[in-house]
Amino acid sequence: MSRRTFVRASALGLAVAATAEPLPAAAGVKQPMGIPYVGAGSNTAVRPFALREVRLNAGLLQEKRDRMKAFLEAYDERRFLMLFNDQAGRPNPPGLQLPGGWENGGLLSGHWAGHYLSALAQAYADQGQQVFKDKLDWMVGELAACQAAITARMDAPGGGDEPEEPVIGRVEGRFGKGLRLNGGSGAEHLRLPQEAVSQLTDFTIAAWVNLAAAQSWSRVFDFGQNTTVNMFLTARSGASGNPPRFAITVGGSGQEQQITGTSALPAGQWSHLAVTLSGSVGTLYVNGAAVAANIGMTLNPTSLGVPGNLWIGRSQYGDPLLDATIDEFHIFDRALSAEEIQSLTDSAAGSTGGGNIAWYRFDEEGGATALDSSPNGRDAGIVPVTQGGGALWAPTHPGYLGAIPEDAVIRLGPPRFAVYGSNLDTNVWAPWYTQHKIMRGLLDAFYLTGNEKAREVVVKMAEWAHLALTVGDKNHPQYQGPITRSDLNLMWDTYIAGEYGGANEVFPEIHALTGEVRHLDTARLFDNRESLFGACVENRDILVVTNPADLGRRRPARLHVNQHVPNFVGYLRIFEQGGGQDYFQAAENFYGMVVPHRMFSHGGTGGNYPGSNNNIEMFQNRDNIANAIAQGGAETCSIYNVAKLARNLFFHTQDPAYLDYYERAVLNQIAGSRADTATTSNPQVTYFQPLTPGANRSYGNTGTCCGGTGLENHTKYQEAVYFKSADGSALWVNLFVPSAVTWADKGFVVTQETSFPREARTKLTVDGSGRLDIKLRVPEWARNGYTVRINGTRTPMRAAQPGTYVTLRRVWRPGDVIDVSMPFSIRIERAIDRPDTQSVMWGPLLMPIVGDPGGGYRELSLYRHLKRDGDYSRAAITPAGTSAAGDPIFTTHGFTLRPWYVGDTQAHSAYFRRVEPQIVFGSIDSGVPNVKRDDGLPRYDVPVSGIPSPGTDGLTFLDVVWDHAPFATHGTFVATVARTAGEFVAAGRLTDEQRDAVVAAAAGARRELTPEP
Ligand SMILES: [Zn+2]
């Protein structure tokens, strides 16, 4: 049944039971007998049901889930083993391709395989389909063999040797030194870090190049995923005359948007090449002069998604490697002017100050790192000329398993303290994050499907991790002894390198499984009391600071969102396994810094703001919403982790606010992160979900972080629909989702039919006998009434307060029916720092305005449409039926609004600007300006360029009045107007005369404001 047909059926009074079919969830799944569960909420007062105990029925979430399950099923799992086999020295079948993205042999490889394991385990737990179990069992068996093969090399000759640092020199450049590629210097090509390109729209890329040979098609740079999605600059395109060419495409060479020069660059001398993009205008410059333009460009670097291959000197196609010397490679986030490009031919930076995104000067003495001379630290890795197959490395400690060499994990610690970068031999990229994903996947395979081998492999990995983080890099010539607490703090404070995700989540679980205390000790090794952990225990918000050096030896001014959110899930797990109250306190306090202080209306967090550095994966400063709606932000795997943290905190506190957030996250950003397409060629999930007016979403994400959590998000929608009390006394109904829960121990099956999320009429059918408290969530947004009927009789209860649970305490009989009604309403949510920046919500759903306003915000005036009941849906923002897919549609001022969860690429605006210049009541204009109160907004903890803080912004007069709606009588309304006007007079915002005019206008608006019956 499609979402549409279900909604129509339910509109007929729920006469069609979507759950009349039997429940294969109870019948079909081979339950892993005797498998202990020691994950989130395993020993709390309120606990989760296993995924296999909850079945989703036809509806929005089932639709999104099934699309992801189709991807999981179609994917050739053997591709995930290729890089593990390479490390283990095991052969791969011919003809297979690497997964790609960041699962491509780079330093983050292995993370995506771990997510795939978790997703397979969840998909199997869902409905017991054997195909997922078969894939999972095969992968676990192969990973076990890889782990054994690596450990068997412990005693091989040369065991524990570090790879030798390649010798790479520099040569004379155009200004200072340069880098010779493929000409005896030892350098083959360069790899740039992700953020050097992936967040650019307008840009300039400029470089000097001195060709040593007249090759065609060799690349000055080539940034992309593969031959389908890329952008490149070649000094000599094979086209007629061999002119230079820039091209960008998301559809292969046949769909390139090109800018082609006029004549070939000569070999044996320096030439300056630059390409700029300003909106739809791309320009190619040679030696400071514009030689060609393309005024119809529709693609820019963000169109490339998250490219895995950011290369200087290498092509996505097998073109010859660049045989040339390069120098002064600049990347800017804007199109330089012709004068500025010209200036780059006179000196290294000309009049520009150097590339503000990255600037590689190649003036270092030598070595495999090209230093970034911009302030951003985006050093590039120089990949050495391949020497021909070396011997396999030998491990330092037994039990290692990974798709990268053990050294690429261990060198994060002393004595090398490697930093993030793209040099495969010297840098690291979140190595413990990747270890976590693999371990998490194995634990899920064990819990959810009963795979015992997965348990054996993950326990060995935990033994290895304990040695790696205590004994450390013992075979290194500069080894100074075991790793100290201070060393660990330094490691975890390092941007991206020290990103360990939720690694501290798996070790407490392994401690619970094995009883070995050292695994809990391993989890504590990830604490960083010197920095964020310590601050969160004390509830000090240091997510963004002005003087990072005061707080840590390596921390950046803004912390990376997804580097840190999952840490706190781990702290909760340590707390649950007896770690102490600090761990709970830190998690609770940290969550409070994110929600609501950094939460956008779709539930996401993180982004740029004026004066911050160019990295939208970082936290914004506290209380910054309106000025953080940058060109992107709100990374999807960050919200995966914030939702995970909220759910886990609820187990401990039963605070309904955590489920309010969870619902917002799941029904908006997470549901919206999956495209509504049937394609199985990639996961079709989002990375960022920008809130900028007129932004759209792009889907894909093979091999990225969000492509990994994306596999999991859509295969575990059951995880919070129902909970149970540990003492067996209560069933918690948290989310309104077509579904059924089987509580075998209590002998209850409860089936939920609901028209949610179109509106909220829900019918619960109880199959079971005996005493049970059924706790129904009253969402924070349910402000239009909440009624409950049991077997048709209205249950007497005090007015259900939004943001609580109501408890139905009763001896139930089979066939008892609970009807819940909680009408949706249109609500306006204001940005906390700028109240006129607003989102429209329909019940729990964010309703963006469809279309691109073309720069700036849509401006809406709504108060003149309101009646005394304050109901926006009467005239201001009105229902317009449903879409073809059954989704609610509204219109206002000729614009269409629809749910954020709709998964397509339409431009839309999550926020609009409220413009209410005059105090009006219906069509009656008081003649008085709708002045603002001085609420001291915005109030940021860290300054935003160009924005005074604290400021003088605040609610308008009409905001304050209408916040009291609904008004029972016209008299109450007028009294509220009079009282508010008095307050504004006292604050010096209105004169006595203005007050009188406003009150008189309100008094005369009885008919205007009376709701239609
Ligand atoms: Zn991500």
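**Questions on a predicted protein chain**

Trainee: Is Arg-540 buried, exposed or partly exposed?
Mentor: In this predicted model, Arg-540 has a relative accessible area of 38%. Buried requires under 20% and exposed over 50%, and the range in between is called partly exposed. Arg-540 is therefore described as partly exposed.

Trainee: With which residue does the side chain of Arg-540 meet in a salt bridge?
Mentor: Side chains of opposite charge can pair when their charged atoms come close. For Arg-540, the separation in the salt bridge is 2.8 Å, N to O. The partner has a relative accessible area of 51% and is exposed. That partner is Glu-538.

Trainee: How many helices and how many strands are there in the protein chain?
Mentor: The protein chain has 1013 residues, and 63% of them are buried. Its secondary structure contains both kinds of element, and the numbers are 23 helices and 40 strands.

Trainee: What is the radius of gyration of the protein chain?
Mentor: The chain has 23 helices and 40 strands. For 1013 residues the globule rule gives 31 Å, and the value for this chain is close to that, so the chain is as compact as a globular protein of that length. Along the principal axes, the C-alpha trace spans about 85 × 70 × 50 Å. The radius of gyration is 30 Å.

Trainee: What percentage of the contacts between residues at least 6 apart in sequence join residues at least 24 apart?
Mentor: The contacts considered here are those in the protein chain between residues at least 6 apart in sequence. Of these, the share joining residues at least 24 apart is 69%.

Trainee: How far apart are the mean positions of the positive and negative charges?
Mentor: The protein chain carries 89 positive and 101 negative charges. A mean position is taken for each of the two sets, and the two mean positions are apart by 7 Å.

Trainee: Which parts of the chain does the pair of Arg-65 and Asp-126 tie together?
Mentor: The side chains of these two residues form a salt bridge of 2.8 Å, N to O. Arg-65 lies in residues 60-74 and Asp-126 in residues 111-127, so the pair ties together parts that are 61 residues apart in sequence. Arg-65 is buried at 2% relative accessibility, and Asp-126 is buried at 0%. The parts are helix α3 and helix α5.

Trainee: Which residue meets Asp-953 in a salt bridge?
Mentor: The separation in this pair is 3.0 Å, N to O. Both residues are in the loop between β40 and α20, 21 residues apart. Asp-953 counts as buried at 15% relative accessibility, whereas the partner is partly exposed at 31%. The partner is Lys-932.

Trainee: Which residue does a cis peptide bond join to Leu-937?
Mentor: Omega of this bond is about -5°. The loop between β40 and α20 holds the residue in question, and Pro-950, whose peptide bond from Ser-949 is also cis with omega near 5°, is placed in the loop between β40 and α20 as well. The residue joined to Leu-937 is Pro-938.

Trainee: What is the phi of Ala-430?
Mentor: Ala-430 lies in the loop between α8 and α9, and it is buried, with a relative accessible area of 1%. Its phi is positive although Ala-430 is not a glycine. The value is about 45°.

How values were computed:
Residues numbered from 1 in each chain as written. Predicted model: local features only at pLDDT ≥ 70, side-chain atom pairs only at ≥ 80, totals over all residues. Heavy atoms only, no water. Helix = DSSP H or I, 4+ residues; strand = E, 2+ residues; numbered from the N terminus. Rg over C-alpha atoms; globule rule 2.2 N^0.38 Å. Buried < 20%, exposed > 50% of the residue type's maximum accessible area, 1.4 Å probe, protein only. Contact = heavy atoms within 4.5 Å. Lys, Arg positive; Asp, Glu negative; His and termini not counted. Charge placed at Lys NZ, Arg CZ, Asp CG, Glu CD. Salt bridge = Lys/Arg side-chain N within 4 Å of Asp/Glu carboxyl O.
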